[in-house]
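This report describes the model shown below. It goes from the overall layout to the helix contacts and then to single residues.

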Amino acid sequence: MRNLPARPPLSPVLASRLTRETKAISEAGDPKVEAEKRYRNARKATWFAPVVRTLGKLAGPGERCMFCSGSESSDVEHYRPKAVFPELAMTWENYLWSCTPCNRGKSNRFPPDTEPGERLINPMEEDVWTFFFIDEFGMLTPRFDPAVDALNRRGVTTRDLLSLNREAVRESRQMRLNDLRQKVQDALKLMRRNELTKAAARQRLETWKQQPWQPDVADFFLQGPGGDKPPFSTFLAAL
Ligand SMILES: [Zn+2]
């Protein structure tokens, strides 16, 4: 999980089409059936393609999953599942971008409406680093919440329900962190020898942020709270 840019509004034409779809769903005899049907049709329709494209672009380079940041994704994910909230099946603000394992794992689950637990963190609407940090092993770890004298509960539910530390993803995070740390150390060495200017170092930083490989790690250590840890802190302060 990582912080994402603000969601842009859709074009007026698309927005009003979605509003019409939503109205039809809410007026149907069985809104759940209607929502499934309308969403399935939309997913195959040309008019809906720009919605999918815009969503993918919001995920950044490589269109990585908004939940695990692990894989290239192609699934429109309903933050509030359409099987439980049919009236939100055709709502732009309810869409996220996710990979198949995350999408399958989440399925129709949405605590506390569907089961005990806390509400899932929405990476498009909340600062994920107030809930999580990434440790040196690449584990996305819920922060300690002094109010409940335990780990942040929304962080725990989100991590567990989406299996955000499944081995392949954790390993990939750890590798990205090691790689990033090495790159930063190399850059610092060159800067000390006056072989890398500040401008060139800043350019490197931008390139690293754009790399489509576990962007959650880059977000946390290069522009999030992880930037207070060496060698990132030394590097960022030198720019
Ligand atoms: Zn995922």
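The domain assignment divides the protein into domain 1, residues 12-106, and domain 2, residues 169-238. Between the C-alpha centres of domain 1 and domain 2 the distance is 34 Å. Seven residues from domain 1 and seven residues from domain 2 take part in the contact. On the side of domain 1 that touches domain 2, two residues are nonpolar, four are polar and one is charged.

The model is predicted. The secondary structure consists of nine helices and six strands. Along the principal axes, the C-alpha atoms fill a box of roughly 70 × 45 × 30 Å. The protein has 239 residues, of which 31% count as buried. Among contacts with a separation of 6 or more, 66% are between residues 24 or more positions apart.

**Helix contacts**

Two packed helices are described by the angle between their axes and by the distance between those axes. Two such pairs are described here.

Helix 1 covers residues 12-27 and helix 2 covers residues 31-44; their axes come within 8 Å and cross at roughly 150 degrees. Angles over 145 degrees count as roughly antiparallel, and helix 1 and helix 2 are therefore roughly antiparallel to each other. The crossing of helix 1 and helix 2 is right-handed. From helix 1 the contact takes E21, A24, I25 and S26, and from helix 2 it takes P31, E34, A35, R38 and A42. By class, the residues in this contact of helix 1 with helix 2 are five nonpolar, one polar and three charged.

For helix 7 and helix 8, the axes come within 8 Å and the crossing angle is roughly 145 degrees. Helix 7 contributes L205, W208 and K209, while helix 8 contributes A218, L222 and Q223. Four nonpolar residues, one polar residue and one charged residue make up the contact of helix 7 with helix 8.

**Cover of helix 8**

How many of the nine residues of helix 8 are buried? Seven are, and helix 8, residues 215-223, is accordingly described as mostly covered. The buried residues are P215, D216, V217, A218, D219, F220 and F221. A218 is thus buried and also belongs to the contact with helix 7. The cover over the buried residues of helix 8 includes strand 3 (132-134), helix 6 (167-192), helix 7 (198-210) and helix 9 (232-238).

**Loops and backbone features**

Two residues other than glycine have positive phi, and each sits in a loop next to helix 7. N194 lies in the loop between helix 6 and helix 7, and its phi is near 60 degrees. Q214 lies in the loop between helix 7 and helix 8, with phi near 35 degrees. Are N194 and Q214 buried or exposed? N194 counts as exposed because it has 7 C-beta neighbours inside 10 Å, where 12 or fewer is the cut-off. Q214 is buried because 27 other C-beta atoms lie within 10 Å, where burial requires 20 or more.

Cis peptide bonds are found at two proline pairs, P111 to P112 and P230 to P231. In the bond from P111 to P112, omega is near 0 degrees; in the bond joining P230 and P231, omega is about 5 degrees. P112 is in the loop between helix 4 and strand 3, and P231 is in the loop between helix 8 and helix 9.

The backbone angles of these loops are set out below.

| Site | Angle | Loop |
|---|---|---|
| P111 to P112 | omega near 0 degrees | helix 4 to strand 3 |
| N194 | phi near 60 degrees | helix 6 to helix 7 |
| Q214 | phi near 35 degrees | helix 7 to helix 8 |
| P230 to P231 | omega about 5 degrees | helix 8 to helix 9 |

**Surroundings of R119**

The loop between helix 4 (100-106) and strand 3 also holds R119. Neighbours within four places in sequence aside, R119 is in contact with P111, P112 and R154. R119 therefore touches both residues of the cis bond from P111 to P112. R119 counts as partly exposed because it has 16 C-beta neighbours inside 10 Å, a number in between the cut-offs of 12 and 20. T158 is 39 residues from R119 in sequence, and the C-alpha atoms of R119 and T158 are 7.8 Å apart in space.

Conventions: Residues numbered from 1 in each chain as written. Predicted model: local features only at pLDDT ≥ 70, side-chain atom pairs only at ≥ 80, totals over all residues. Helix = DSSP H or I, 4+ residues; strand = E, 2+ residues; numbered from the N terminus. Contact = placed C-beta atoms within 7 Å. Axes fitted to C-alpha atoms, helices over the stretch in contact; angles between N-to-C directions. Nonpolar A, V, L, I, M, F, W, Y, C, P; charged D, E, K, R; others polar. Parallel < 35°, antiparallel > 145°, perpendicular 65-115°, else oblique. Left-handed = near helix turned anticlockwise from the far one by under 90°. Domains from an automatic or database assignment.
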